Amino acid sequence: MLGAKYNRRRLRALLLKGFDTLEFGLDFENYNSSFESFILEFRKLKDFAQMMGIEQSVPLGDMLLTVHRNGQRFYAYKLSCKDFSIAFAESEMKSNSPIFVRFMSSYIWSYGHKKAYDHFMNWFKCFGVKPISNRLSRADICADTDQFQFIQNDVKGVVTRAKSKTEHFVNEEYTNGRKFSGFTVGRGNPMMARIYNKSLEIKKSGKTWFNDVWNENDWNSKNEVWRVEFQLRREVLKELTIDNIEQLFKKIDELWVYLTVDWLTIRQPSSDNVSRWKIKRKWKHIQKADLAYEPTPLIRESVKQGNLKQLLDQAAGLMMSVASISDHESITNTSDVIKSWFEVNLLKKNTTFEVEKDRRKTRFLHPDTTSADD
């Protein structure tokens, strides 16, 4: 009977490997002439956003993207939606790709890394230009598990090529003192590892849709989830002969072996030489993680609801600010003012509620254009 209980427990065991961040550049035969009209439009929208203090929107393909008031390093124009951000250089550069893309965590987990990339490249066709290559800038690969917890004492058994180790703690809400929440290994340039209590982190970040990701992959919800995550930048990726997205996807298993066997292990310290320390069982468990993750429509819907909650929280905060400044006596007074302001703005733009609602749908939920047979 003991064996039967053990088997049931094993059936509900989370060990989920996947990507959490992807950043890459896109290269073109003639960027300047191909994107001249788009850059001109982005410049106008950015200038207007800076002048008015309000970020602008632009429809591109089946998406509505926000044009930010500021760009980012090397890139004059930054656009984003809830799925990804995309930055454009003013003109071609010698050392960097003229377009830089960053996939959000929710985008990757709701589609899977391959479909997310295919979705993006399909959307990118709206520019009428096909990239000749891509350059991978950063990849964060991780494994989530509920079978083991990492403890402060594990830090003593870390054997790694990195020089730095930093422990992290969080304040306990109902008890005195601090709770160990994980540790980092390395400084992040060109690589680092983060081992931390993901259950605690999502309470702070609001990414509660991760609960559904884990539930779909045999999570025992009574257990906290710990994450082992590696952040790799271009310098180390090139050393591993991973230059682009396609090479990364082909070498996932090989990369995981390097990270968890060669670059970092957690062992049981003893009087022997460090090379003879026995690898801890929890780390052997991490080493065995494979990439069998298959997202479901439930996950995408959970991400959508997470976006909705964030918007409602923001809206509630803005309403309270309006009420405070205007010294309103009730929520009704504030709601009436906002409704009136909203209607006036629709008239100014010569548009309607339905039109604006439809335009913004894809800002928060990229349409799934793939069939069930893909």
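What should the twelve residues of α5 span at 1.5 Å a residue? The expected figure is 16 Å. In this predicted model, the end C-alpha atoms of α5 are 17 Å apart, which agrees. The expected span is 1.5 Å times one less than the number of residues, so twelve residues give 16 Å rather than a longer value.

Helix α5 covers residues 113–124. Several of its residues are buried: H113, A116, Y117, H119, F120, M121, W123 and F124. Helix geometry helps in reading such a list. An α-helix has 3.6 residues a turn, so residues three or four places apart point the same way.

Take Y117 to start. Y117 has a relative accessible area of 10%. The cut-off for buried is under 20%, so Y117 counts as buried. Its ring pairs with that of F24. The centres are 5.7 Å apart, with 70° between the planes. That makes the pair edge-to-face. F24 lies in strand β1 (residues 15–27) and Y117 in helix α5, so the pair ties together parts that are 93 residues apart in sequence. F24 is buried too, at 0% relative accessibility.

Y117 has another ring partner, F249. Here the centres are 6.2 Å apart and the planes stand at 85°, so this pair is also edge-to-face. F249 belongs to helix α9 (residues 245–250). The pair links distant parts of the chain, 132 residues apart. F249 counts as buried at 13% relative accessibility. Y117 therefore has ring partners in strand β1 and in helix α9. The model holds 39 aromatic pairs in total.

Now move along α5 to F120. Leaving out residues up to four places away in sequence, F120 touches F24, L26, F84, I86, V101, F103 and Y107. F24 thus appears again, as a contact of F120 and as a ring partner of Y117. F120 is also among the residues with the most contacts inside the largest nonpolar core. The others named there are I86, F88, F103 and F230. That core has 70 residues. A second, separate core has 14 residues, including L16, I202, W214 and I299.

Two other features deserve a look. K282 lies over the face of F150, at 5.3 Å from the ring centre. Then there are the cysteines. How many disulfides does a search of the whole structure find? The count is zero. C81 is buried, at 7% relative accessibility. C126 is partly exposed, at 29%.

Definitions and conventions
Residues numbered from 1 in each chain as written. Predicted model: local features only at pLDDT ≥ 70, side-chain atom pairs only at ≥ 80, totals over all residues. Heavy atoms only, no water. Phe/Tyr/Trp six-rings, centres within 6.5 Å; stacked < 30°, edge-to-face > 60°. Helix = DSSP H or I, 4+ residues; strand = E, 2+ residues; numbered from the N terminus. Buried < 20%, exposed > 50% of the residue type's maximum accessible area, 1.4 Å probe, protein only. Lys NZ or Arg CZ within 6 Å of the ring centre and 35° of its normal. Core = buried A, V, L, I, M, F, W, Y, C linked by side-chain atoms within 4.5 Å. Contact = heavy atoms within 4.5 Å. Disulfide = S-S within 2.5 Å.
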